[in-house]
Amino acid sequence: MPRPKKLLLLLSIILIALSWWGIAAARTGLVIRTLERDRIPLVYVAPQQSQAIPGVLIAHGYAGSKQLMLGYAYVLAKAGYGVMLWDFNGHGANPNPLQRFDLQQNLNVALSALLEQPEIDRTRLALLGHSMGSGVVMSAAIKQPQRFAATIAVSPTGAKVSPQVPRNLQLQAGSWEGRFISNAQKLLAAAGGNNSNFASGTARELVVVPNVEHITILFSDRSAQAALGWLNNTFNQSNSSNYRDRRMAWYGLHLVSWLLLIAAIAPSIASWNKSYLKKVPPARRWVGLAIAPIIGTISLTVLNRSIELESLAGVQVGGAVGLWFLFAGSTWLAFLARFPRPTFRSLGLGLGLFVLLWLAFGAMAQVVWLQWWLIPTRFKLWLPLAVACLPWFLASGIAQQQTSRGERFGWWFAQSAILIGGFLLTLNYLPQLGFMFLLLPLFPPLIAVLSLVVALIDRAWVSALASALLFGWILAAGFPLA
């Protein structure tokens with residue numbers, strides 16, 4: 001390995017260690033307990049050596065997990081609150097299938113676990129929920145107004161609110177999620193409009209958080225601080241905290257550091273077998289990419305007449321996403337009319353590259369924002385989903401072989417646009433797969449990372465196998481169990 005690559009490797013290792021130090025430092029002064037009740041995974045976060053503190057239940061949204069809501073938990077716990085998070089049925093590490101009528105029961109289990117914690121003042125309780133979880137917490141607060149002193153609904157869905165219930169209702173929505181702003185405005189009007197009468201429990205407020213949408217609002221310091229201020233006013237808490245949740249920044253550094261590590265060792269991977277496929281004519285590469293999403297959409301629309309795509313393979317929406325990639329990717333491959341012969345060595349290197357990408361994306365995600373460890377039910381889905389995605393990533397690798405940096409940027413942009421457009425087209429015909437819409441902002445950064453890997457390795461089977469295994473893992477981890 002040349003000296004510059006050795007220095008890059010050393011730098012990446014130092015930065016990886018630094019990012020883990022940042023995550024560990026954020027936990028300083030906190031008690032974190034991992035629990036399980038009725039097969040529901042829970043996490044409790046509270047300040048160390050605390051007594052008689054207010055308790056807060058925090059509920060995630062559809063396709064979320066307890067990890068996704070940890071930003072609120074850390075901010076509130078650093079300011080003197082005890083917080084309980086959990087995975088709804090079918091989400092994260094919860095193996096129970098998702099049934100809408102079970103969500104309130106999940107909350108009740110979390111409430112019982114919260115009341116068991118020795119630090120909690122059982123007379124001072126509040127609720128916070130995002131999207132699907134917002135409807136659950138608002139409904140719970142309406143049914144039990146004497147138990148919950150405040151409710152915070154982030155990106156709110158629906159509930160039968162009134163000027164009396166829930167008590168002390170704060171609504172939040174991101175400035176880039178117009179539909180949820182409109183819904184929050186309707187809820188605010190039904191709840192009696194803005195006021196600050198916390199003593200009577202009728203305080204109401206709508207906070208529009210700037211420059212965020214449905215997912216990024218969960219990582220907004222403005223959102224977390226607004227929630228903290230609302231709870232402090234409710235419980236007359238004077239203790240505040242200077243803590244700002246920067247764990248996602250540490251996660252970003254961790255991901256970049258692993259990519260630097262891959263860049264350092266990539267020449268060693270790419271140095272074997274210098275032979276390339278004959279370059280595919282540009283027309284076939286681009287026409288195949290343009291036609292692929294149309295075929296993917298048509299195929300799903302036809303299949304929808306005979307099978308239930310929404311819960312295909314026991315996972316909501318994720319199975320349909322995998323099928324879309326299978327049909328679209330196979331179409332692109334057919335247009336390319338090039339199929340490199342896999343070797344044992346290329347497959348082994350692809351598997352090794354997947355391990356590095358798995359660590360880059362997920363090793364820290366597990367404690368920051370995503371349930372990365374797959375429970376057995378989800379693990380069974382991984383390989384079928386990865387196989388379905390393989391044709392797309394193999395076609396991508398073949399199309400980009402021996403291209404310049406400028407051309408690779410074009411391929412990244414084109415793939416991102418085609419994927420977003422293809423899924424929007426699919427939703428036009430299959431609106432029951434609506435959760436696909438929330439995936440769209442994830443495509444550009446994810447495809448950017450995988451395109452970087454393709455550029456560094458420039459071996460179609462190596463990059464395709466690693467990318468497909470990683471993408472299949474993400475699909476298996478993210479979507480609710482049906």
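# Exercises on a predicted model

Neighbours within four places in sequence aside, leucine 42 is in contact (heavy atoms within 4.5 Å) with Arg33, Thr34, Leu35, Glu36, Arg37, Lys66, Met84, Leu85, Trp86, Ala110 and Ala113. The model is predicted: local features require pLDDT of at least 70 and side-chain atom pairs pLDDT 80 or more, whereas totals for chains, interfaces and linings use all residues. Residues are numbered from 1 along each chain as its sequence is written, and side-chain values rest on heavy atoms, with hydrogens and water left out.

**Exercise 1.** Determine in which strand leucine 42 lies and whether leucine 42 is buried or exposed.

*Solution.* Step 1: leucine 42 belongs to strand β2, residues 40-47; helices (H or I, at least four residues) and strands (E, at least two) are DSSP runs, numbered from the N terminus. Step 2: the relative accessibility of leucine 42 is 0%, so leucine 42 is buried. The term buried means under 20% relative accessible area, with exposed over 50% and partly exposed in between (1.4 Å probe, protein chains only). Step 3: leucine 42 and tryptophan 473 are separated by 431 residues in sequence and by 23 Å in space, C-alpha to C-alpha.

**Exercise 2.** State how many aromatic pairs the structure holds, and classify the pair of tryptophan 86 and phenylalanine 88.

*Solution.* Step 1: there are 30 aromatic pairs in the structure. Step 2: the ring centres of tryptophan 86 and phenylalanine 88 are 5.4 Å apart and the planes meet at 75°, so this pair is edge-to-face. The rule pairs rings of Phe, Tyr and Trp (its six-membered ring) with centres within 6.5 Å; planes under 30 degrees apart are stacked, over 60 edge-to-face, and the rest tilted. Step 3: both tryptophan 86 and phenylalanine 88 are buried. Step 4: elsewhere, one aromatic cluster has among its members Trp286, Trp324, Phe325 and Trp332.

**Exercise 3.** Compare the expected span of helix α9 with its end C-alpha atoms, and decide how far α9 is enclosed.

*Solution.* Step 1: helix α9 covers residues 318-336, and its 19 residues at 1.5 Å a residue should span 27 Å; the expected span is 1.5 Å times one less than the number of residues. Step 2: the end C-alpha atoms of α9 are 27 Å apart, which agrees. Step 3: 14 of the 19 residues are buried, so α9 is largely enclosed by the rest of the structure. Step 4: just after α9, alanine 337 has a positive phi of about 55°.

**Exercise 4.** Find how many Å separate the centres of domain 1 and domain 2.

*Solution.* Step 1: the domain assignment (automatic or from a database) gives domain 1 as 28-245 and domain 2 as 272-478. Step 2: taken over C-alpha atoms, their centres are 35 Å apart. Step 3: 18 residues from domain 1 and 14 residues from domain 2 take part in the contact.

**Exercise 5.** Establish which helices hold isoleucine 262 and serine 451, and which residues each touches.

*Solution.* Step 1: isoleucine 262 is in helix α7, residues 247-270, and is buried at a relative accessible area of 1%. Step 2: beyond four places in sequence, isoleucine 262 contacts Leu353, Leu356, Leu357 and Leu456. Step 3: serine 451 is in helix α15, residues 443-457, and is buried at 9% relative accessible area. Step 4: not counting residues up to four places away in sequence, serine 451 touches Trp412 and Gln415.
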